[in-house]
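Hello,

Here is the structure I promised to pass on. Have a look at it first, and my notes on what turned up are below.

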Amino acid sequence: MTAPAGWAEEPPIEAVPPWKSVRRTVAVVFFGWATAAGTAGLAYLTLGSEWIPITVGVVLCLAFAVALILLHQALWLTVLSSVPALFVLVGAVQYAPEAALELRGVRERVVIVADSAAGTSSDNHRFTLRAADGDELEEKLVYDGGAWAPKVGDHLDVMRDPEGAVPMEQADEVDAAGRLEGLIAGTVGWTLIAVLAGWRGHVRRRRGRGESLLLRFAW
């Protein structure tokens, strides 16, 4: 059908070749894997400075979310990816220090003799501990939160790092295997979402949804 006089015909939208969609999807998947592995590796290299892998991990997770938006050209899968992103971030940041405690940590039975938050409205507890031999430990047990917080007089089993690189933790909360499982589960979730985003994005473009300029020039 010929367009009315004076009207410019819109150029036909070229469909994205399937191999290009596959290449983009694989790139996003590998970026997700690299984010998980890189954050976990950084956490190992910076034991005792959790803010470093947390900061880098958050930035990389946001970059993965942007890549999903570009790949899918819609938002809902990116919102859905925030759930496995939380597993990736928590697992990657906490696996290394908890593995270090399990590998070289010293288990001790202690009693809480003082709480820095006692008599205040603060939920940031710094517990002073006394070991079985009667000596007070120099290191404080940190507990942030009001729910299920230990009390003065409670007896606990703790894990301490003899090298002092990893903060002390309650022994029953040290679970490196669980952190690793969470990291793997989050990475698998990211992989499935990226594959779905690549397929949905390809279908949307075949149906006439044009590519963004950023995606066109980036990939």
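Strands β2 (residues 124-131) and β3 run antiparallel and are joined by 4 bridges. Before going further, please keep in mind that this is a predicted model. Within that pairing, His125 has Tyr143 as its bridge partner in β3, and Phe127 stands opposite Leu141 of β3. Both of those partners come up again when you look at the two faces of β3 (residues 141-144): Leu141 and Tyr143 form the covered face, while Val142 and Asp144 form the uncovered one. In a regular strand, side chains alternate between the two faces of the sheet.

On its way through the rest of the sheet, β2 also pairs with β1 (residues 106-115), where 5 bridges join the two strands in an antiparallel arrangement. Here Val111 has Arg130 in β2 as its bridge partner. Val111 is a handy residue to select in your viewer, as Val111 also stands opposite His155 in β4. The pairing of β1 with β4 is antiparallel too and runs over 6 bridges. From there, β4 (residues 155-160) pairs with β5 in the antiparallel sense over 2 bridges, and Met159 stands opposite Glu169 of β5.

Put together, the 5 strands make an open sheet with antiparallel pairing, in the order β3-β2-β1-β4-β5. Which strands sit at the edges? They are β3 and β5 (169-170), each of which pairs on one side only.

Now for the wider picture. The protein has 6 helices and 5 strands, and along the sequence they follow the pattern α-α-α-α-β-β-β-β-β-α-α. Of the 219 residues in the protein, 38% are buried. If you are thinking about contact maps, take the contacts with a separation of 6 or more: 67% of them are between residues 24 or more positions apart.

The helices gave me two pairs to report, and α5 takes part in both. Two packed helices are described by the angle between their axes and the distance between the axes.

How do α1 and α5 cross? The axes of α1 (residues 18-45) and α5 (residues 176-206) come within 9 Å of each other and cross at roughly 160°. That angle is over 145 degrees, so α1 and α5 are roughly antiparallel to each other. Their crossing is right-handed. On the α1 side, the contact is made by Pro18, Ser21, Arg24, Thr25, Val28, Val29, Gly32, Trp33, Thr35, Ala36 and Ala40. On the α5 side, the residues are Leu183, Thr187, Trp190, Thr191, Ala194, Val195, Gly198, His202 and Arg205. By class, this contact has 10 nonpolar, 8 polar and 2 charged residues.

One residue from that list deserves a closer look. Thr35, found in helix α1, has a relative accessibility of 2%. The cut-off for buried is under 20%, so Thr35 counts as buried. Leaving aside neighbours within four places in sequence, Thr35 is in contact with Leu60, Cys61 and Trp190.

The second pair is α2 with α5. Their axes come within 7 Å and cross at roughly 30°, which makes α2 roughly parallel to α5. From α2, Cys61, Phe64, Leu68, Leu70, Leu71 and His72 take part. They meet Trp190, Ile193, Ala194, Ala197, Gly198, Arg200, Gly201, Arg204 and Arg205 in α5. The residues of this contact divide into 9 nonpolar, 3 polar and 3 charged.

Is His72 buried or exposed? His72 lies in helix α2 (residues 51-72), and with a relative accessible area of 1% this histidine is buried. Apart from neighbours within four places in sequence, the contacts of His72 are Leu77, Ala197, Arg200, Gly201 and Arg204.

If you open just one view, you could start from Trp190, as this residue of α5 is listed in the contact with α1 and also in the contact with α2. Trp190 is one of the residues in contact with Thr35 as well.

Happy browsing, and best wishes

Methods. Residues are numbered from 1 along each chain as its sequence is written. This is a predicted model: local features need pLDDT of at least 70, side-chain atom pairs count only at pLDDT 80 or more; totals for chains, interfaces and linings use all residues. Side-chain values use heavy atoms; hydrogens and water are left out. Axes are lines fitted to C-alpha atoms, for helices over the stretch in contact, and angles run from 0 to 180 degrees between N-to-C directions. Angles under 35 degrees count as roughly parallel, over 145 as roughly antiparallel, 65 to 115 as roughly perpendicular and the rest as oblique. A crossing is left-handed if the near helix is turned anticlockwise from the far one by less than a right angle, and right-handed if clockwise. Contact means heavy atoms within 4.5 Å. Ala, Val, Leu, Ile, Met, Phe, Trp, Tyr, Cys and Pro count as nonpolar, Asp, Glu, Lys and Arg as charged, and the others, Gly among them, as polar. Buried means under 20% relative accessible area, exposed over 50%, partly exposed in between (1.4 Å probe, protein chains only). Two strands pair if DSSP finds at least two bridges between them.
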